[in-house]
Amino acid sequence: WNIVTSVVGGQNYGIELPPKAERYRRAREHVAATKAFWDAWADDAVVIDRDDGTWARAERIDAVNFEGEFVRLSGAGPLASHRSPQGWPVLAQAGQSDDGRDFAAETAEVIFTSQNSVALATAFRTDVRGRAVAAGRRAHDVLVLPGYVPIVGETDQHAAELAAEVDALLDV
């Protein structure tokens, strides 16, 4: 699940997106509420016992109660489908700001990033892993996937010329 909190897309919901800090507060709640739905099904809820005709044990499936600033679920659910063997999908995020890095470090298993050098990418990884530890996780619980596009030339000058040629083709 790519948990997007970007500055675009509000028109899809008929709203103006709130400020960044509020978007991350909302995202934290939505992730927590969604996990509550996924976790409403215990790992051993589905038994598929053909002999006694039991597909799932109802006592191992819970209603969802969640109360937050933005999300309120009182006895909702459970979802109509049981959880996957993994529990939930891989959680991905691309936070770059301080708020975004904190959210990604607390929540994501994979963080997308785009840095302009190996040094910047390494510094980013060190930073978000430190934030993950501060949030009570292990540093290696967070994988960083840098969007890195190497441009190789016969010389540094040749590589710079190739990069300029590629940049000129982009229509942002």
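## Starting with helix α2

Let's begin inside helix α2, where the buried residues are G100, R101, F103, A104, A105 and T107. Keep in mind that everything here comes from a predicted model. What do the buried residues of α2 pack against? Their partners are two helices, α1 (20–39) and α3, plus two strands, β5 (92–93) and β6 (110–113).

## The largest core

Two of those α2 residues, A104 and A105, turn up again in the largest nonpolar core, which has nine residues. The others are A108, I111, F124, V128, A132, V142 and V144. Two elements, α2 (98–107) and α3 (118–134), each give two or more residues to this core. Of these, α3 gives the most, with three residues.

F124 is a handy core residue to click on. If you skip its neighbours within four places in sequence, F124 is in contact with G95, Q96, R101, I111, T113, Q115 and V144. There's also a second, separate core, made of eight residues, and among them are A40, F66, V71 and A76.

## The whole chain

Now zoom out. How many helices and strands does the chain have? There are four helices and seven strands. Reading from the N terminus, they come in the order α-β-β-β-β-β-α-β-α-β-α.

As for overall size, the radius of gyration of the chain is 22 Å, while a compact globule of 172 residues would come in near 16 Å. Along the principal axes, the C-alpha atoms fill a box of roughly 75 × 40 × 35 Å. Among contacts with a separation of 6 or more, 54% are between residues 24 or more positions apart.

## Inside, outside and charge

How much of the chain is tucked away? Of its 172 residues, 30% count as buried. The chain exposes about 11,300 Å², and carbon and sulfur atoms supply 54% of that area.

On the charge side, the chain carries 17 positive and 26 negative charges. The mean positions of the two sets are 5 Å apart.

## An odd spot at I48

One last stop is strand β1 (residues 46–49), which is where I48 sits. I48 isn't a glycine, yet its phi is positive, at about 45°. Is I48 buried or partly exposed? I48 has a relative accessible area of 48%, so I48 counts as partly exposed.

Methods:
Residues numbered from 1 in each chain as written. Predicted model: local features only at pLDDT ≥ 70, side-chain atom pairs only at ≥ 80, totals over all residues. Heavy atoms only, no water. Rg over C-alpha atoms; globule rule 2.2 N^0.38 Å. Buried < 20%, exposed > 50% of the residue type's maximum accessible area, 1.4 Å probe, protein only. Contact = heavy atoms within 4.5 Å. Areas by Shrake-Rupley, 256 points an atom, 1.4 Å probe, with all protein chains shown as cover. Lys, Arg positive; Asp, Glu negative; His and termini not counted. Charge placed at Lys NZ, Arg CZ, Asp CG, Glu CD. Core = buried A, V, L, I, M, F, W, Y, C linked by side-chain atoms within 4.5 Å.
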